[in-house]
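Visitor: Hi, I'd like to walk through this one with you. Could you start with how some helices pack?

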Amino acid sequence: MRRALAVVLALGLVAGCSGGDAGRRTVTVLAAASLTEPFTALAERLEEQDPGLDVRLSFAGSADLVAQVEAGAPADVLATADEASMARVPADLLDGEPVTFATNRLQVVVPPGNPGRVRTAADLARVDTVLCARAVPCGALAHALLDDLGVRVRPVSEEQSVKDVLGKVASGEADAGLVYVSDARAAGDRVETVDVEGSEAHLNRYRLAALAGGDAEVARRWLDLVSSGEGRAVLRDAGLGAP
Amino acid sequence: MTRRAPGLPAWLLLPAAIGALLVVLPLVALVVRVPWTSLGPLLTSPTAVDALLLSLRTAAVSTLLCVVLGVPIALFLARTSFRGQALLRALVLVPLVLPPVVGGLALLYTFGRRGLLGETLDVLGVQVAFSTTAVVLAQTFVSLPFLVLSLEGALRTAGGRYEAVAATLGASPTTVLRRVTLPLVLPGLVSGAVLAFARSLGEFGATLTFAGSLQGVTRTLPLEIYLQREADPDAAVALALVLVVVAVVVVAGTRLRREEP
């Protein structure tokens with residue numbers, strides 16, 4: 001009885017994990033959700049350049065990605081949206097030192113038409129503002145920036161992620177929110193943006209590293225592409241700053 | 001193993017055991033992760049207490065709303081028959097199978113600032129978005145079908161004979177409802193209310209989409225767990241344990257009640 005159960009479970013696991021023909025190579029990249037647009041574009045370019053190579057992208061919040069790596073997720077590259085997340089990965093799970101490959105800064109977004117007439121960061125104290133919660137990286141950054149500017153904001157909601165903040169603003173429920181420049185750009189004309197003075201002083205640093213359990217060769221291909229001139233251009237188009 | 005029942009082939013035990021494991025194993029895995037030594041401080045931190053109290057408060061109000069609105073619906077569905085009744089029942093039960101995040105979007109487009117009723121509410125000086133009211137609305141939306149479903153079942157099982165007798169003895173419909181129907185289906189009403197309470201307590205998707213997340217105002221226990229999962233996994237697991245315990249108690253309670261008669 002117990003043995004039969006073990007066999008069934010084992011078969012299920014094998015069936016779930018196999019796949020991919022021999023000869024083709026795959027590079028699996030775990031990347032922060034805010035890298036969705038640029039990394040998807042880069043993956044297409046790499047697959048065009050080398051038809052024998054498949055790029056598999058898996059996007060999630062940086063904290064979730066780190067948890068996946070610690071749990072042994074089979075992947076070749078990890079890209080986090082901040083330094084703290086990458087620092088939490090045990091060194092023996094990484095292949096080499098992580099590098100900073102891009103930066104992001106915060107920007108105020110408002111619904112189309114700017115109903116709250118937000119012109120500066122100080123206006124955030126006056127209107128219905130949505131921020132990230134302090135517990136997540138974008139919230140820690142937002143609070144540091146606002147403290148620096150001496151603006152005391154009492155947010156109507158503290159969201160779990162930048163995308164949640166963006167959603168509340170784009171739908172018009174909130175008058176303003178603080179999100180990353182890259183997210184504001186990805187939202188297109190669903191929001192308008194207001195630059196915040198001093199936001200360059202609070203940069204978010206994206207970190208990239210090859211994973212110890214992965215295929216070092218294909219991982220290197222991805223790292224090289226991201227730090228190449230071509231990679232930089234794609235990241236810049238997505239609203240990300242140089243490292 | 002007990003003596004074989006004639007209608008229970010032995011091979012059936014294998015998928016049954018796998019199914020049971022699929023449900024029980026994750027709960028065991030969660031309980032194993034509970035940081036027992038620091039459980040006290042984790043559950044009494046200000047954010048945890050705020051989330052817990054807000055959850056209890058909103059779930060209680062939502063359950064009350066479910067009873068006030070759900071009992072009439074259940075009575076109506078159980079004691080009438082007309083064309084289109086099946087459709088009406090299906091519509092009332094839709095939130096049961098709807099992904100909560102879809103429910104949240106629907107509520108947003110109804111009560112949100114730019115929603116169907118948003119401007120009317122604005123004129124009345126009521127702002128639902130980002131308020132505790134939004135949490136209660138979301139919970140009532142997803143929990144109402146639980147109450148209607150279990151109460152309508154109880155009403156149909158009880159039948160209309162006693163009500164008819166009471167009516168021939170001169171009781172008005174309201175008296176019949178108060179003195180005959182409700183006492184008769186009280187167990188069904190209670191288990192429906194308990195299920196609605198539990199569903200309200202666990203509500204996450206619609207709340208996150210519709211109400212936002214602010215400590216003490218809209219950040220209920222499930223939202224706090226979701227947030228702490230990133231920042232402090234130990235706190236998330238400790239709070240998750242509270243919800244698991246509530247769930248087990250609720251399910252066990254309603255099961256026992258069903259076996260009583």
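**Helix packing in chain B**

Guide: Helix α5 (residues 100-111) of chain B packs against α7(B) at an angle of about 125 degrees, and their axes are 11 Å apart. Axes here are lines fitted to C-alpha atoms, for helices over the stretch in contact, with angles running from 0 to 180 degrees between N-to-C directions. Helices (H or I, at least four residues) and strands (E, at least two) are DSSP runs, numbered from the N terminus.

Visitor: Before we go on, what am I looking at?

Guide: This is a predicted model: local features need pLDDT of at least 70, side-chain atom pairs count only at pLDDT 80 or more, and totals for chains, interfaces and linings use all residues. Residues are numbered from 1 along each chain as its sequence is written, chains are lettered from A and ligands numbered from 1 in the order in which they are written, and side-chain values use heavy atoms, leaving out hydrogens and water.

Visitor: Thanks! Are α5(B) and α7(B) oblique or parallel to each other?

Guide: They are oblique, because their angle falls outside the other classes (under 35 degrees is roughly parallel, over 145 roughly antiparallel, 65 to 115 roughly perpendicular, the rest oblique). α5(B) passes α7(B) in a right-handed crossing (right-handed if the near helix is turned clockwise from the far one by less than a right angle, left-handed if anticlockwise).

Visitor: Which residues meet there?

Guide: From α5(B), B:G103, B:L107 and B:F111 meet B:L137, B:A138 and B:F141 of α7(B). A contact means heavy atoms within 4.5 Å. By class, this contact has 5 nonpolar, 1 polar and no charged residues. Ala, Val, Leu, Ile, Met, Phe, Trp, Tyr, Cys and Pro count as nonpolar, Asp, Glu, Lys and Arg as charged, and the others, Gly among them, as polar.

Visitor: And how do α7(B) and α9(B) cross?

Guide: The axes of α7 (residues 132-158) and α9 (residues 173-202) of chain B come within 8 Å and cross at roughly 155 degrees. That makes α7(B) roughly antiparallel to α9(B). Here too the crossing is right-handed.

Visitor: What classes of residue make up that contact?

Guide: There are 13 nonpolar, 8 polar and 1 charged residues in the contact of α7(B) with α9(B). Among them are B:F146, B:L147 and B:L151 in α7(B), and B:L184, B:L189 and B:R199 in α9(B).

Visitor: Zooming out, how many helices and strands does chain B have?

Guide: It has 12 helices and 0 strands. The C-alpha atoms fill a box of roughly 70 × 65 × 30 Å along the principal axes. Of the 261 residues of chain B, 38% count as buried (buried is under 20% relative accessible area, exposed over 50%, partly exposed in between, with a 1.4 Å probe and protein chains only). Among contacts in chain B with a separation of 6 or more, 74% join residues 24 or more positions apart.

Visitor: What does B:L243 touch?

Guide: B:L243 sits in helix α12 (residues 233-259) of chain B. Leaving out residues up to four places away in sequence, B:L243 touches B:L201, B:L221, B:P222 and B:I225.

Visitor: Over to chain A. Which residues of helix α9 are buried?

Guide: In α9 (residues 229-237) of chain A, the buried residues are A:G231, A:V234 and A:L235. Seen down the axis of α9(A), they fall within an arc of 100 degrees, so they line one face of the helix. The arc is that of the directions from the helix axis to the C-beta atoms.

Visitor: What covers that side, and what is on the other face?

Guide: The cover includes α2 (36-49), β4 (94-104) and α8 (216-227) of chain A. The face turned away carries the exposed residues A:G229, A:R236 and A:D237. After α9(A) comes A:G239, with a positive phi near 95 degrees.

Visitor: Does A:G239 turn up elsewhere? What does A:V181 touch, for one?

Guide: A:V181 touches A:G239, as well as A:N104, A:R105, A:L106 and A:Q107, not counting residues up to four places away in sequence. A:V181 lies in helix α7 (residues 181-186) of chain A and counts as buried because its relative accessibility is 8%.

Visitor: Last one: is A:N114 buried or exposed?

Guide: A:N114 counts as buried, at 9% relative accessibility, whereas A:R117 counts as exposed, at 58%. A:N114 is in the loop between β5 (106-110) and β6 (129-132) of chain A, and A:R117 is found in the loop between β5 and β6 as well. A:N114 has a positive phi of about 50 degrees although it is not a glycine, and A:R117 also has a positive phi of about 50 degrees without being a glycine. Most residues other than glycine have a negative phi.
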